[in-house]
Amino acid sequence: MSERARIGKFALLSMTIAAVFNFRNVVNNNIEIGMASATGFLFATLFYFTPFVFIIAEFVSLNKDSESGVYQWVKSSLGPKWAFLAAYSYWFVNLFYFTSLLPSILVYASYTFFGYEYVFSPVTVSILSIIIFTISTWVSTKGASWIGHITSIGSSLMLATSIIFIVLCGGALLGGVEPVTPITMERVTPNLNWKFMGTMAWIFFAAGGSESIGVYINDLKGGSKAFVRTIILAGLTIGALYSLGSLFVNVFTPREELTYTSGIFQVFAGLGTHFGISAKFIYHFIGLVMLSSALGALMIWTSAPVKVFFSEIPEGIFGKETVKLNEHGIPVRATWIQFFIVIPLLLIPCFGVKDINQLLGIIINMTAATALMPPLFIMLAYFNLRLHKDHLERSFRMGSRTFGLAVTGMLLVIFSIAFVAAIFPEGQNIVLTLIYNVGGVVVFLGWALWKYNKYEKSIANTEK
């Protein structure tokens, strides 16, 4: 047994579920496509989450002598340029994540302190979000690592509360309670239209997190066989939690009443009212849990991705001052560059929308769409690995060469369709779509490609 093998199967199982499952994703997808999201979640956990973890595990096994990260994984298959684009895309996706996280913090704070949603205009939401982001950027450069403990507590409480919700709703149904929205095969069966395919991007985004789990294959007691069994069990558990949550979310609260801002509070309040618990207490409690988790996530995601990206890529692509670390190990200039990039992303969507729910719908959709890009890069790298470099030695493989190519090919097709459907969502203003969705992707990826080509030319000139 390797000296590194120190994580037990139950620990990995718990870590996987905590990293992936979020009840808010259940509510958001229920608002979009109703109970059909239950089928979507089951499909995503079985045919995306599980095989993608195995892909990551194989890359970790291939790069066992290095501290594996996205850059190294993709580089080992496709070379440094594609590796740079893949690592850049992970940081790039995080920029859009802020646009959905920051407005949500305002809602959570409102419920925590007031017990109801204080309604702001979209412009006010964007301005307050910028103020919050300014503070979080400043704090994150000071090495506030203690925030991670708050995030862990908040996430664990949310997971426990979600499981209690599923158990109590299931018990109520078994006890003869008639759901306000009947659970029928017709409602659970998805309508395979453009809107559903776009919403699958949300579901894939919700089922993400594999890259943070696959890296533990070398640390698990029992090796690769134990890893495979544990991940399959974790995938089934996550699929069951998401699917059951999607079925039960309308037991006490109809889908038509749910909103992006307050949906999770409405759902828990409906359950609480049935069991005689004050809705006001539910609002304060869920608000506190969500706020603690969101604030911790904001602090971590403000500094961690920018630190990883700017420290992982080759020296010389960015200036020395940009990547220079302070005494807390944070690239301060790069963190503030990130801040100034996020500002227009917060402001652009607020113009031309009537309320915060429409605003959240737009930015959640864009966050989910861009979140598909990093996995697409990794899948392309894996497909090339099995197609052209399958001879490379590694201790773990996702089945035979043919099986690996078939699974990855299927994932690439599904992800590509979902990505396009999310970039061009049904019913969204075409001008906003072209400027924000298409323009955002083209400008950011185009800049990254230009930056790397410039770096290659400078290397070539140096070698002459």
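Which helix is the place of Ile362? This is a predicted model, and Ile362 sits in helix 15.

## Helix 15: Ile362 and Thr370

Let's stay with Ile362 for a moment. Its relative accessible area is 7%, so it counts as buried, the cut-off being under 20%. The C-alpha of Ile362 lies 28 Å from that of Val308, with the two positions 54 residues apart along the chain.

Thr370 also has its place in helix 15, which runs over residues 356-371. With a relative accessible area of 0%, Thr370 is buried. If we skip residues up to four places away in sequence, Thr370 touches Phe92, Val93, Phe96 and Val441.

## Helix 4 against helix 5

Now for a pair of helices. Helix 4 covers residues 70-78 and helix 5 covers residues 80-114; their axes come within 7 Å and cross at roughly 150°. Angles over 145 degrees count as roughly antiparallel, and helix 4 and helix 5 are therefore roughly antiparallel to each other. The crossing of helix 4 past helix 5 is right-handed.

Who makes the contact? On the helix 4 side you'll find Val70, Tyr71, Val74, Lys75 and Leu78, and helix 5 answers with Pro80, Trp82, Ala83, Phe84, Ala86, Ala87 and Tyr90. Sorted by class, that contact has eleven nonpolar residues, one charged and no polar.

## Helix 5 against helix 6

Helix 5 has another partner, helix 6 (residues 122-140): here the axes come within 9 Å and cross at roughly 100°. That angle makes helix 5 roughly perpendicular to helix 6. Helix 5 brings Phe98, Leu102, Pro103, Ile105 and Leu106 to the contact, while helix 6 brings Val125, Leu128, Ser129, Ile132 and Phe133. The tally for this contact is nine nonpolar residues, one polar and no charged.

Helix 6 itself is 19 residues in length, and it reaches 26 Å from its first C-alpha to its last, close to the 27 Å expected at 1.5 Å a residue. Its buried residues are Pro122, Val125, Ser126, Ser129, Ile130, Ile132, Phe133, Ser136, Thr137, Val139 and Ser140. As background, an α-helix has 3.6 residues a turn, so residues three or four places apart point the same way.

## Asn29 in helix 2

Is Asn29 buried or exposed? At 1% relative accessibility, Asn29 counts as buried. You'll find Asn29 in helix 2, residues 23-33. Leaving out neighbours within four places in sequence, the contacts of Asn29 are Gly34, Ser37, Phe41, Thr199, Trp202 and Ile203.

For a sense of distance along the chain versus through space, take Asn29 and Phe424: they are 395 residues apart in sequence, with their C-alpha atoms separated by 17 Å.

## Glu58 in helix 3

What about a glutamate? Glu58 belongs to helix 3, residues 36-62, and with a relative accessible area of 0% it is buried. Which residues does Glu58 contact, leaving aside neighbours within four places in sequence? They are Tyr382, Leu385, Arg386, Arg394, Phe396, Arg397 and Met398.

Glu58 can be placed against Pro374 too: the two are 316 residues apart in sequence and 17 Å apart in space, C-alpha to C-alpha.

How values were computed
Residues numbered from 1 in each chain as written. Predicted model: local features only at pLDDT ≥ 70, side-chain atom pairs only at ≥ 80, totals over all residues. Heavy atoms only, no water. Axes fitted to C-alpha atoms, helices over the stretch in contact; angles between N-to-C directions. Helix = DSSP H or I, 4+ residues; strand = E, 2+ residues; numbered from the N terminus. Parallel < 35°, antiparallel > 145°, perpendicular 65-115°, else oblique. Left-handed = near helix turned anticlockwise from the far one by under 90°. Contact = heavy atoms within 4.5 Å. Nonpolar A, V, L, I, M, F, W, Y, C, P; charged D, E, K, R; others polar. Expected span 1.5 Å × (residues − 1). Buried < 20%, exposed > 50% of the residue type's maximum accessible area, 1.4 Å probe, protein only.
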